[in-house]
Amino acid sequence: MAPLRNKVLILFAHPSPRRSQVVVPMARVAEWVPGVTLVDLYADYPNLDIDVDAEQARLREHGTLIFLHPMYWYSTPAMLKEWQDLVLEHGFAYGEGGGALAGKTFFSACTTGAGGDAFGPGGYNNFTVRQLLVPLEQMAALCGMRYLPPFVLHGSRTARARGVVEAHLEVWEDLLEALVHDRLDLELAQQADRLDPARRRLIAEG
Ligand SMILES: Cc1cc2nc3c(=O)[nH]c(=O)nc-3n(C[C@H](O)[C@H](O)[C@H](O)COP(=O)(O)O)c2cc1C
């Protein structure tokens, strides 16, 4: 087994996990990947009383940060906004004395209820998921992080019936292992509109 090169921190946020078809299975896969730390924010902070010092310490220990969530109103569930508001402090994440996150990698892994054709020009959501999540892209930029485009599964409510969940989970696991072992081509990945390691051959042979 190759040595772990990069620890990956996943902040998982799902307000209704018992109804989840895809995001919760993604969390279950992730918690078994060596080198990945999975944090269930709604379980850990049911009253939104986020432990800022603990969260900042955890961030320092990891090279990659992933938000894992369903898309809610073209963004993340509220918990991830609360986490940003409290944890990404001036003097820690940005500004004078900041820079704790500089050089780390960040992206969102999310599912959307709408199908893929709803996104982008001509679709009823008008914008691509990458465009809709641009506040996260700028969050990463301000903090000096490398931003990768979102890893997305569209049409989550019908995904199981369409038989696409297992393949998505396999690609997700491959992606996490590639990150941990530093085998993902970050330069190439960051140029795309979405993170699609299967199609774009972003992962080097192990
Ligand atoms: C409050 C709320 C807001 C939502 N907003 C969106 C949205 O903006 N775009 C979209 O495609 N789906 C939206 N959905 C659908 C969810 O993204 C979908 O239910 C989710 O991907 C299912 O997650 P799962 O993979 O855990 O089953 C929304 C659902 C809820 C409950």
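This report describes the ligand site, the nonpolar cores and several individual residues of a predicted model.

**The ligand site**

The ligand is surrounded by 17 residues. The closest are His 14, Ser 20, Gln 21, Met 71 and Thr 111. By class, this shell holds nine nonpolar, seven polar and one charged residues. Backbone atoms of three residues make polar approaches to the ligand, as tabulated here.

| Residue, backbone atom | Ligand atom | Distance |
|---|---|---|
| Met 71, polar backbone atom | oxygen | 2.7 Å |
| Trp 73, backbone N or O | nitrogen | 2.8 Å |
| Ala 114, backbone N or O | oxygen | 3.0 Å |

How much of the ligand does the protein bury? Taken alone, the ligand exposes 640 Å², and the protein buries 77% of that area.

Trp 73 deserves a further look. This residue sits in the loop between E3 and H4. Its relative accessibility is 76%, so Trp 73 counts as exposed. That accessibility takes only the protein chains as cover. A backbone N or O atom of Trp 73 nevertheless lies 2.8 Å from a nitrogen atom of the ligand. Trp 73 also has a positive phi of about 45°, although it is not a glycine. Most residues other than glycine have a negative phi.

**The loop between E4 and H5**

Asn 126 likewise has a positive phi, about 65°, and is not a glycine. Asn 126 belongs to the loop between E4 and H5. Its relative accessibility is 48%, so Asn 126 counts as partly exposed.

Asn 125 is found in the loop between strand E4 (105-111) and helix H5 (129-132). Is Asn 125 buried or exposed? Asn 125 is buried, because its relative accessible area is 7% and the cut-off for buried is under 20%. Its side chain joins that of Tyr 74 in a polar contact of 2.8 Å. Beyond residues up to four places away in sequence, Asn 125 touches Tyr 74, Ala 114, Ala 118 and Phe 119. One of these, Ala 114, places a backbone N or O atom 3.0 Å from a ligand oxygen.

**The nonpolar cores**

In soluble globular proteins, nonpolar side chains tend to be buried together. Here the largest nonpolar core has 35 residues. Which of them have the most contacts inside the core? They are Leu 11, Leu 59, Leu 65, Phe 67, Trp 83 and Phe 106. Strand E1 (8-12), strand E3 (64-70), helix H4 (78-87), E4, H5 and helix H6 (134-142) each supply at least two core residues. H4 gives the largest share, four residues.

Leu 65 shows how these parts meet. Leaving aside neighbours within four places in sequence, its contacts are Leu 9, Leu 11, Leu 59, Trp 83, Thr 105, Phe 106, Phe 107 and Met 145.

A second core is separate and has 33 residues. Among them are Val 33, Val 180, Leu 186 and Ala 189.

Thr 105 lies in strand E4. With 5% relative accessibility, Thr 105 counts as buried. Apart from neighbours within four places in sequence, Thr 105 is in contact with Gly 63, Thr 64, Leu 65, Met 145, Arg 146, Leu 148 and Leu 186. Of these partners, Leu 65 ranks among the residues with the most contacts in the largest core, whereas Leu 186 is part of the second core.

**Tyr 42 and helix H2**

Tyr 42 is found in helix H2 (residues 41-44). Its relative accessible area is 24%, so Tyr 42 is partly exposed. Which backbone nitrogen does the Tyr 42 side chain reach? It is that of Met 79, at 3.2 Å. Met 79 is also one of the contacts of Tyr 42 that exclude neighbours within four places in sequence. The others are Phe 12, Ala 13, His 14, Pro 15, Pro 77 and Ala 78. His 14 is also among the residues closest to the ligand. Tyr 42 and Glu 31 are 11 residues apart in sequence, and their C-alpha atoms are 16 Å apart in space.

**Asp 196**

Asp 196 lies in the loop between helix H9 (186-189) and helix H10 (197-200). With 17% relative accessibility, Asp 196 counts as buried. Along the chain, 122 residues separate Asp 196 from Tyr 74, and their C-alpha atoms are 20 Å apart. Tyr 74 is the residue whose side chain makes the polar contact with Asn 125.

Note on methods
Residues are numbered from 1 along each chain as its sequence is written. This is a predicted model: local features need pLDDT of at least 70, side-chain atom pairs count only at pLDDT 80 or more; totals for chains, interfaces and linings use all residues. Side-chain values use heavy atoms; hydrogens and water are left out. A residue is near a molecule or strand if one of its heavy atoms lies within 4 Å of it. A polar contact is a pair of N or O atoms within 3.5 Å; within protein, one must be able to donate a hydrogen and the other to accept it, and residues adjacent in sequence count only if both atoms are side-chain atoms. Accessible areas come from the Shrake-Rupley method with a 1.4 Å probe; for residues, only the protein chains shown count as cover. Ala, Val, Leu, Ile, Met, Phe, Trp, Tyr, Cys and Pro count as nonpolar, Asp, Glu, Lys and Arg as charged, and the others, Gly among them, as polar. Buried means under 20% relative accessible area, exposed over 50%, partly exposed in between (1.4 Å probe, protein chains only). Contact means heavy atoms within 4.5 Å. A nonpolar core is a set of buried Ala, Val, Leu, Ile, Met, Phe, Trp, Tyr and Cys residues joined through side-chain atoms within 4.5 Å.
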